[in-house]
Amino acid sequence: MSVLKITGGRSLSGSLRVQGAKNSALPLLAASVMTEGLSVFRNCPHLTDVEATVAILRHVGCRVYEEGDALYVDASGPISPEVPDALMRRMRSSVIFLGALLGRCGEAVLSLPGGCELGPRPVDLHLLALRTLGAEVEVSGGRLCCRAAGLKGGHIVLPSVSVGATENAVLAAVRATGSTVITGAAREPEIADLQEYLRACGALVTGAGSGVIRVQGVKKLRGAEKRVMPDRIAAATYLAACASAGGRVRLYDVCPAHMVPVLQALERMGCGVTAGENLIALERRGALRSPGPIITRPYPGFPTDAQPPLMAASLKADGVTVMIETIFESRYRHVPALRGMGADIRAAGKTAVIRGVDALHGTEVLASDLRGGAALAVAALSAEGETVIRGMEHVDRGYEDMAGALSALGAEAVLEHEGDADDG
Ligand code: EPZ
């Protein structure tokens, strides 16, 4: 097990290249199983969730290898439609293999993804989409079995916004017979990234980002090359880190257009934000102000994944910040640990009220989930003394070498593997 030790009180400075996006890399890798060729993914982040996805790709029959800065997936051989429970349980978003395997094999057999730290995570919208295209769905003993002699295009109406269900709908539709229209589709930029890759593979998909996606089914897909888009949530986290600690940082290989509500919130807090084509600079010299109310929404609204890091950056801000979490039922699991560092937060149901305090103090805390863990690191940067963050396995799912990234920005941050310290 590893622990992240951060000594707060140092302002940040320097530049950081932003990693490729976890929430794009995972669906892209799953989609590659639909092609009967070799795909090359550049800027693919080194994360434990990517390792879990690669394990599934290998299990179903793909050859996967790394060369230079690229990850190669060869899906030209026979593909098995089955994903064992153990691999499914490692990562909730493996449900994305449902549409991909169904599209490639006409069948997909995998476990129902369990709930996660963020609350119940049903898959009813995923199944609605697949049933609309003619799939038969059977759920028994926690196993999900989808079969379709031949998927047929149709009109998928998603009654509420789901990133994963939209991605599964697109993946199932690209090799279905005829055309499909998906209305109520999620508009996240990661879906546009998936569309770009699928089009390079020969798929006929349009409309990603608009809420209405149109797909004309094709018989076969070839392999293709794709550069994974920058991670807007990792970028938001490192900007929140600078807002929390103070100083001036420059992020490059990032897409400011994907981050408007986050950048606006940081500006309302009194940070100077400048954005260029693929770079963002943030400067925080004076006192922080509350960003005002923050309500999480599907894209292009304020991203739920940036809520915990922004909350951590607002703990010492003047005034009262009200956050309303509309996407997940329990996304305040990081609050008790932040209160343990001296924060004044009252959270009940969807609402959290943060009153700015003068000081935070370092202590030992446990990360409860991926973004909650990131929030602890952001808070630790402005706390007095050392904070020891356990549960880094959560953080490693979505951040490439967080200790290295924070150190590159001038923080006193060290990752220790349990037992390291005893080696004296
Ligand atoms: C994606 O999860 C992201 N994960 C999440 O990021 C992100 O928080 C979420 O979208 C929202 O933006 C990946 O892309 C791998 P949803 P996903 O389906 O697709 C409900 C992170 O920290 N719902 O859009 O699983 C669901 O319970 C992670 O990087 C149904 O009710 O999210 C939730 O309340 C965390 N039925 C809401 O919709 C369904 O069939 C949004 O979920 C599907 C979802």
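In this predicted model, the shell of residues around the ligand comprises, by class, 10 nonpolar, six polar and seven charged residues. The ligand is surrounded by 23 residues, and the closest of these are Arg-121, Asp-124, Ser-162, Asp-305 and Ile-327. Several helices contribute to this shell, since the elements that give two or more residues to it are helix H1 (22-31), helix H5 (124-132), helix H6 (163-173) and helix H12 (370-380). The greatest contribution is that of H5, which supplies three residues.

Polar atoms of the protein approach the ligand at several places. A nitrogen atom of the ligand lies 2.6 Å from an N or O atom in the side chain of Asp-124, a residue that is also listed among the closest to the ligand. Backbone atoms take part as well: an oxygen atom of the ligand is found 2.8 Å from a backbone N or O atom of Gly-164, and an oxygen atom of the ligand is 3.3 Å from a polar backbone atom of Pro-122. On its own the ligand has 830 Å² of accessible area, of which the protein covers 85%.

Two open sheets of four strands can be described in turn. In one of them the strands follow the order S4-S5-S3-S13, and the pairing is mixed. Strand S4 (63-67) and strand S13 (225-227) form the edges of this sheet, each of them pairing on one side only. From one strand to the next, the twist averages 20°. Within the sheet, strand S3 (residues 38-42) and strand S5 (residues 70-74) run antiparallel and are joined by five bridges; in one of the pairings between them, Leu-38 has Asp-74 in S5 as its bridge partner. Helix H2 (residues 48-60) packs on the sheet, where it touches S4 and S5, and the direction of H2 makes about 135° with that of S4. The loop between S3 and H2 contains Asn-43, a residue that is not a glycine but nevertheless has a positive phi of about 55°.

The other sheet is likewise open and made of four strands with mixed pairing, here in the order S9-S10-S12-S11. Strand S9 (155-157) and strand S11 (204-206) stand at its edges, and because each has a single partner strand, one side of each is left without a neighbour in the sheet. Neighbouring strands of this sheet are turned against each other by 15° on average, direction ignored. In general, the strands of a sheet pair through backbone hydrogen bonds, in either a parallel or an antiparallel sense. For S11 and strand S12 (residues 212-216) the sense is antiparallel, and the pairing extends over three bridges. Val-205 stands opposite Val-215 in S12. Helix H7 (residues 189-200) lies across both S11 and S12, and runs at about 155° to S11.

A further backbone feature concerns a proline. The peptide bond that leads from Tyr-299 to Pro-300 is cis, with an omega near 10°, and Pro-300 has its place in the loop between strand S17 (294-295) and helix H10 (307-313).

Definitions and conventions. Residues are numbered from 1 along each chain as its sequence is written. This is a predicted model: local features need pLDDT of at least 70, side-chain atom pairs count only at pLDDT 80 or more; totals for chains, interfaces and linings use all residues. Side-chain values use heavy atoms; hydrogens and water are left out. Two strands pair if DSSP finds at least two bridges between them. Axes are lines fitted to C-alpha atoms, for helices over the stretch in contact, and angles run from 0 to 180 degrees between N-to-C directions. Contact means heavy atoms within 4.5 Å. A residue is near a molecule or strand if one of its heavy atoms lies within 4 Å of it. A polar contact is a pair of N or O atoms within 3.5 Å; within protein, one must be able to donate a hydrogen and the other to accept it, and residues adjacent in sequence count only if both atoms are side-chain atoms. Accessible areas come from the Shrake-Rupley method with a 1.4 Å probe; for residues, only the protein chains shown count as cover. Ala, Val, Leu, Ile, Met, Phe, Trp, Tyr, Cys and Pro count as nonpolar, Asp, Glu, Lys and Arg as charged, and the others, Gly among them, as polar.
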